[in-house]
Amino acid sequence: MAIKFAHKLFGMAATVAVAAIALQVSAQDAAAPAMQAAAPEAAAAPMPSKGEYLARAANCVACHSVDGGEAFSGGLKMMTPMGALYATNITPDKETGIGNYTLEDFDKAVRLGQVKDGHRMYPAMPYPSYAKLSAEDISALYDFFMKEVKPVKLANKPAEIPSYLDVRWAMGIWNAIFFDDARFKPVEGKDAVWNRGAYLVEGAGHCGVCHTPRGIAFQEKGMTYKDGNFLVGAPLDNWTASNLTGDINSGLGRWSKEDLAAFLKTGHNQHGIAFGTMVDVINNSTSYFTDADIDAMSTYLKSLPPQKEKGATAWAYTADTATALKARDYSKTGALVFAQQCAACHVADGKGRGDYQPPLAGNPTVLDPDASSLINMVLNGSARVIVNGVPDSYRMPYYRVLLSDQQVADVVTFIRGSWGNKASAVTAKQVSDVRKETDPLHNDIIVLRMK
Ligand code: HEC
Ligand code: HEC
Ligand code: HEC
């Protein structure tokens with residue numbers, strides 16, 4: 001089993017590290033030859049054990065591994081505003097990993113954020129979501145890590161947080177204020193499918209880690225469907241994790257349950273294609289879900305009411321942009337850059353081509369009030385979606401070298417204001433900020449920033 005994870009990991013070079021590595025690879029090596037290495041793996045995989053399935057659902061590998069390293073052996077650098085943290089070795093090696101953990105130690109670590117040696121973890125480890133995991137599932141996960149994962153001897157790297165900023169001692173207080181250690185309880189009045197979806201989204205899948213905005217103490221501003229801020233979208237690593245509530249324009253209001261299921265399973269649907277840090281989630285985690293679990297998550301997500309655009313008018317397509325572009329009228333800001341650089345794939349009518357070159361017309365990410373994802377995408381492109389070992393054949397190119405800050409601002413403004421899209425304009429200053437923060441030569445890309 002471990003080999004499968006490790007192999008997958010290798011094949012995914014660009015997508016494993018939450019953004020940092022992805023950016024380096026996509027900016028420096030557009031062809032990403034390591035990607036192709038994943039292809040032969042497409043053959044039907046044997047049924048995973050329950051614990052392996054849960055490790056996928058919880059995407060433990062995404063943080064506890066580095067590009068080219070052994071699965072679960074740790075080492076991923078996660079920048080926080082205080083300094084760098086490294087995810088640890090969670091293979092069953094007795095010296096450097098978690099080989100001496102009892103089931104109880106494991107439960108305390110994963111659900112409560114307490115390490116065996118007594119210290120408390122920072123919530124860069126998503127224990128506030130994992131707290132919801134059932135005793136049975138923790139036990140299956142434990143069995144997987146102890147019996148199926150290959151032990152790897154690799155010492156943990158110490159955190160690079162200056163002692164005056166190291167607030168580990170305060171995590172007990174943080175937990176007392178912000179942390180609810182209760183396991184998931186099915187919600188009465190909701191059916192089993194919805195409840196399974198809630199368990200996966202709020203618990204194992206820890207979707208809120210990226211999609212829920214954070215407060216000043218780094219706490220997620222909502223942990224369940226009852227909280228107004230839960231999954232309303234949030235900035236992270238210079239991407240915007242989308243609004244997943246029922247909002248009609250920038251949320252999932254215009255997506256059917258089937259659209260959503262297709263996106264989670266394959267990274268594609270008629271509305272868009274996964275990019276940024278979401279690629280990592282699809283490649284490592286949701287593409288492995290059973291159809292029943294995909295259906296459960298989609299059912300649950302589609303039940304979330306609109307939160308940010310109450311009473312908004314739904315986006316409707318207009319033909320004016322396509323008409324102007326076809327008449328070679330480039331008077332609108334950004335129109336010429338779009339025609340020269342983007343129209344070949346996204347098409348003058350903004351509708352893209354099939355499931356492989358996404359539409360920009362009406363696309364919720366294009367309509368998002370926060371344009372960081374769009375700027376990042378145009379500057380740096382994105383890692384590829386890989387499902388069943390097969391990488392996408394098309395991929396968004398990067399324009400960091402070719403286009404100036406002003407040109408990127410203009411073209412992003414153009415796509416946000418064409419084909420019926422009505423989202424705010426973008427400035428050259430916004431582009432220059434993202435350009436600096438995502439510079440591949442810059443080693444301290446903020447992976448988990450407070451906002
Ligand atoms: C979003 C990133 C992320 C994900 C996903 C994640 N972890 Fe972690 N984990 C971390 C970080 C970072 C630390 C170190 C925290 C610290 O030092 O305060 C950690 C620490 C741990 C520890 C403590 C190990 C030790 O003894 O030092 C265990 C055990 C652990 N994780 C298990 C898991 C398991 C099991 C999963 C999947 C169910 C998982 N983690 C998913 C980031 C993550
Ligand atoms: C590591 C951060 C991260 C995690 C964890 C994460 N997402 Fe995302 N997600 C993103 C980002 C960034 C985007 C925007 C890029 C895109 O559309 O693919 C996104 C986009 C999406 C979209 C597309 C929305 C749209 O309007 O285009 C869906 C649906 C989604 N995520 C569902 C989920 C679910 C369900 C989970 C939990 C299983 C999850 N995400 C976990 C970062 C994350
Ligand atoms: C070679 C084809 C190609 C060109 C040229 C291209 N794109 Fe893309 N674009 C893609 C693909 C493919 C994706 C889907 C993400 C991925 O797989 O990389 C994408 C995704 C996007 C997205 C995210 C949409 C979503 O939700 O899926 C935006 C925004 C975008 N492109 C804007 C642009 C702009 C602006 C330009 C011109 C400066 C441009 N693209 C040029 C192929 C292209």
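**Close-up views of a predicted model**

**View 1. Helices α4 and α8 cross at roughly 100°.** Helix α4 covers residues 50–57, and helix α8 covers residues 135–148. Their axes come within 7 Å. The model shown here and in the other views is predicted. Angles of 65 to 115 degrees count as roughly perpendicular, so α4 is roughly perpendicular to α8. On the α4 side, the contact is made by Lys 50, Gly 51, Glu 52, Leu 54 and Ala 55. On the α8 side, Asp 137, Ala 140, Leu 141, Asp 143, Phe 144 and Glu 148 take part. Sorted by class, this contact has 5 nonpolar, 1 polar and 5 charged residues.

**View 2. Strands β1 and β2 form an antiparallel pair.** Strand β1 spans residues 77–80, and strand β2 spans residues 83–86. The pairing runs over 4 bridges. Look for Met 78: its bridge partner in β2 is Leu 85. Between the strands lies a hairpin connection of 2 residues. In a regular strand, side chains alternate between the two faces of the sheet.

**View 3. Thr 333 sits in the loop between α15 and α16.** Helix α15 (320–326) comes before this loop, and α16 (335–346) follows it. Is Thr 333 buried or exposed? Thr 333 has 16 other C-beta atoms within 10 Å, so it counts as partly exposed. A buried residue would need 20 or more, and an exposed one 12 or fewer. Which residues does Thr 333 touch, leaving aside those up to four places away in sequence? They are Asp 410, Thr 413 and Phe 414. Val 411 is 78 residues from Thr 333 along the chain, yet their C-alpha atoms are separated by 7.4 Å.

**View 4. A shell of 26 residues surrounds ligand 3.** The closest are Gly 272, Cys 342, Cys 345, Pro 358 and Met 396. Three elements give two or more residues each: α16, α17 (372–380) and α18 (405–416). Which element gives the largest share of the shell? Helix α16 does, with 5 residues. By class, the shell divides into 17 nonpolar, 7 polar and 2 charged residues.

**View 5. The whole protein chain has 19 helices and 6 strands.** The chain is 451 residues long, and 51% of them count as buried. Now take the contacts with a separation of 6 or more. Of these, 68% are between residues 24 or more positions apart.

How values were computed:
Residues are numbered from 1 along each chain as its sequence is written. Chains are lettered from A and ligands numbered from 1 in the order in which they are written. This is a predicted model: local features need pLDDT of at least 70, side-chain atom pairs count only at pLDDT 80 or more; totals for chains, interfaces and linings use all residues. Axes are lines fitted to C-alpha atoms, for helices over the stretch in contact, and angles run from 0 to 180 degrees between N-to-C directions. Angles under 35 degrees count as roughly parallel, over 145 as roughly antiparallel, 65 to 115 as roughly perpendicular and the rest as oblique. Two residues are in contact if their C-beta atoms, placed from the backbone, lie within 7 Å. Ala, Val, Leu, Ile, Met, Phe, Trp, Tyr, Cys and Pro count as nonpolar, Asp, Glu, Lys and Arg as charged, and the others, Gly among them, as polar. A residue is near a molecule or strand if its C-beta atom, placed from the backbone, lies within 6 Å of it. Two strands pair if DSSP finds at least two bridges between them.
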